[in-house]
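Student: Could you take me through one part of this model in detail? I'd like to hear about the second largest pocket and the salt bridges.

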Amino acid sequence: MKNELVTKLNLLIIAVIIPVRNRKTITHNILVQLYKQISQLSDQIYKINIVVVDDNSSDGTSEMILNHFPEVHLIQGDGNLWWTGAIVQGMKYAVEKLNTHYILWLNDDIYLSDNFIEKILELCSNDQFKDSIYGGFVRDNTYPDWIVYSGSIKNQIVQLTDNFSDSDIVEVDALNGNIVIIPKEIVEKIGFPDQKRFLHYGGDYEFSYKAKSFGFKVLLSNQLIAQTDYTIDDFIRYMPPLLQWHLKCNQSWSKRFQILKGLTNIKTNYNIWHMLNIIYWHKNNISIYQYWVYYIKAIIKLLVSDFWSTERIEQEFKNYFQKKKAPPELAEAVMDRTQLKSGV
């Protein structure tokens, strides 16, 4: 059944929001994929607008878009938008300027399934979609049964395709922002992600939590699929600071000092603002005292862990690998970067 908006206007408008910065080749790749799939659509009741928010790239990204993809709605940032700010700018533009019915968040560093746009249109054309936010998942190219970006249930990321053995759709608590489709009606009721508190990380989770608090469903679909080249460095980058600390235990102090600096670096997923804000997402204010306490405790834990036994440190790695459902080969490769035993 077609959505009421489609019936009334005979046109379903979807805006694809892509935040980018200094990844010209990667951005080019996702745009080629999108326009190839869009060009293959035979049904004229759909209009798909692509909105790229370039947060002050210096590698010629904007020039590439203007020269090769003139249909793109290009929004320029000043370098301070980060992920959440770029997403918000794109969403506002889509709602105010493009009269969109649905908004699709999309990161540029993924390879879309061949029927990706077709599946998006199927979801958006279904009346049952109006009260739900849907997300997709991104698999690793090397280990295709292992999901690297998806959604979470009780703080546990959905990381295996086995989770969909009983149904194509799983209800989750939050969605990763790599692939998320949102009806405009939900945006009108709950607003936009909080770009002030969640600059680069957490805006996707905060928006999901807020939607659920308003009574909307947050769903993960195995029909919206993409892949990515997830390297060992990517895996390590998202590890807790404690594990990164011990991966660098045999390197210079300056290398380990970068882990400490990461606690106050917006670019790291474990920075203190992100960690506390996502814990207390429902609170309007967090006192500076709480940030200081969290920061000091984190530093003390890192320094004290140098006196832990090898067995205890090994167990921390094992627990993390199990939680992330990491492929054994990947876990072994990570352990090879330490002087610990690799019995994982």
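Tutor: Here is a walk from the pocket to the salt bridges. Keep in mind that this is a predicted model. The second largest pocket holds about 410 Å³ of space. Its lining counts 20 residues, and I236, R237, Q244, K248 and I259 are the ones closest to the centre. Three helices each give two or more residues to that lining: α8 (232-237), α9 (241-247) and α10 (253-262). Of these, α10 supplies the largest share, with 5 residues. Sorted by class, the lining is a mix of 6 nonpolar, 8 polar and 6 charged residues.

Now stay with R237, since its side chain also meets that of D234 in a salt bridge, at 3.3 Å from N to O. Both sit in helix α8, 3 residues apart, or about one turn of the helix. Their exposure is worth a look too: D234 counts as buried because its relative accessibility, 18%, falls under the 20% cut-off, whereas R237, at 39%, counts as partly exposed.

That pair is a salt bridge in a structure that holds 10. Over in helix α7, K210 and E206 pair up at 3.5 Å, N to O. They are 4 residues apart, so about one helical turn separates them, and both are buried. Another bridge reaches further along the chain: E171 pairs with K212, with the closest N and O atoms 3.9 Å apart. Here E171 belongs to strand β10 (residues 169-171) and K212 to helix α7 (residues 203-213), so the bridge links distant parts of the chain, 41 residues apart. Both partners are partly exposed, E171 at 44% relative accessible area and K212 at 28%.

Technical notes. Residues are numbered from 1 along each chain as its sequence is written. This is a predicted model: local features need pLDDT of at least 70, side-chain atom pairs count only at pLDDT 80 or more; totals for chains, interfaces and linings use all residues. Side-chain values use heavy atoms; hydrogens and water are left out. On a 1 Å grid over the protein atoms alone, a cavity is a set of points where a 1.4 Å probe fits but cannot get out, and a pocket is an open set with protein on both sides within 12 Å along at least five of seven lines; lining residues have an atom within 4 Å of a point. Grid points are joined across faces, edges and corners, and a volume is the space filled by probe spheres set on the points. Ala, Val, Leu, Ile, Met, Phe, Trp, Tyr, Cys and Pro count as nonpolar, Asp, Glu, Lys and Arg as charged, and the others, Gly among them, as polar. A salt bridge is a side-chain nitrogen of Lys or Arg within 4 Å of a carboxyl oxygen of Asp or Glu. Buried means under 20% relative accessible area, exposed over 50%, partly exposed in between (1.4 Å probe, protein chains only).
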